[in-house]
Amino acid sequence: AYYLPLDVFTDSTGRIFILAHYFNGVAPNVYGYRIFVRSTAGTWADYPLYTQSTTTASLDLYGAICELEDNSIIVSHWLPNTAGTKAQIQTWRSTDGSTWSKISSQALDDALDIGSTFGAGNSGYEVQKTRMRSIDGQILLITHLLGHNTTPSSTDLVGQWVSVDGGTSFQ
């Protein structure tokens, strides 16, 4: 199994949370997200957040984790459709760090086009690192995107979305 840390933070009680991409590396391929939590006593626990079996490996998964003002923990992660042409944000919330509830499977108004390849005039994006932070009841989600259109001198872009409903939707 392979784990790729995506985001980390320390909550208000001193626990350390790590959001990691998981890939088992054997057929049938299983990939997804796991949460690793280090207690204030120094012990580690891990919790599956999302898993999916597929015939092809999907290593282009990114997500973010943060604490809300009510001390609940929120995770947002990208999830490609089965055709690999669109990606949507799923969000999860926990009040204890071990039990996670999905609060949205389609948090964006429109899915992000990820189906094209790099080339002059091509549409779509490649999703890169994602970060999320909450302040005063607003959650900011930022993602580094690589535009597939290679005509501009730089294809590095920043995607920004904000949620005012606790992560149920991002505009």
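A surface patch, as the term is used here, is made of residues with over 30% relative accessible area and no salt bridge, with nonpolar side chains joined within 5 Å. In this predicted model, one such nonpolar patch is formed by Leu140, Ile142, Val158, Val162 and Val164, which together offer about 390 Å² of accessible area. Two elements each give two or more residues to this patch, namely strand E11 (138-147) and strand E12 (156-163). Val164 lies in the segment after E12. Because exposed means over 50% relative accessible area, Val164, at 61%, counts as exposed.

Turning to the fold as a whole, the chain holds 12 strands and 0 helices, so to speak a run of β elements from the N terminus on. Its 171 residues have a radius of gyration of 16 Å, which agrees with the value near 16 Å for a compact globule. The C-alpha trace spans about 55 × 40 × 25 Å along its principal axes. Buried residues account for 44% of the chain. Among contacts with a separation of 6 or more, 44% join residues 24 or more positions apart. The accessible surface of the chain is about 8600 Å², and carbon and sulfur atoms contribute 52% of that area.

At the start of the strand series, E1 (residues 2-10) and E2 (residues 16-23) pair in the antiparallel sense over 8 bridges. Within this pairing, Asp7 has Leu19 in E2 as its bridge partner. The two strands E1 and E2 form a hairpin with 5 residues between them, and Gly14 in the turn has a positive phi of about 100°.

How values were computed:
Residues are numbered from 1 along each chain as its sequence is written. This is a predicted model: local features need pLDDT of at least 70, side-chain atom pairs count only at pLDDT 80 or more; totals for chains, interfaces and linings use all residues. Side-chain values use heavy atoms; hydrogens and water are left out. Patches are made of residues with over 30% relative accessible area and no salt bridge: like charges are joined within 9 Å, nonpolar side chains (Val, Leu, Ile, Met, Phe, Trp, Tyr) within 5 Å. Accessible areas come from the Shrake-Rupley method with a 1.4 Å probe; for residues, only the protein chains shown count as cover. A salt bridge is a side-chain nitrogen of Lys or Arg within 4 Å of a carboxyl oxygen of Asp or Glu. Helices (H or I, at least four residues) and strands (E, at least two) are DSSP runs, numbered from the N terminus. Buried means under 20% relative accessible area, exposed over 50%, partly exposed in between (1.4 Å probe, protein chains only). Two strands pair if DSSP finds at least two bridges between them. The radius of gyration is taken over C-alpha atoms; the globule rule is 2.2 Å times the number of residues to the power 0.38. Contact means heavy atoms within 4.5 Å.
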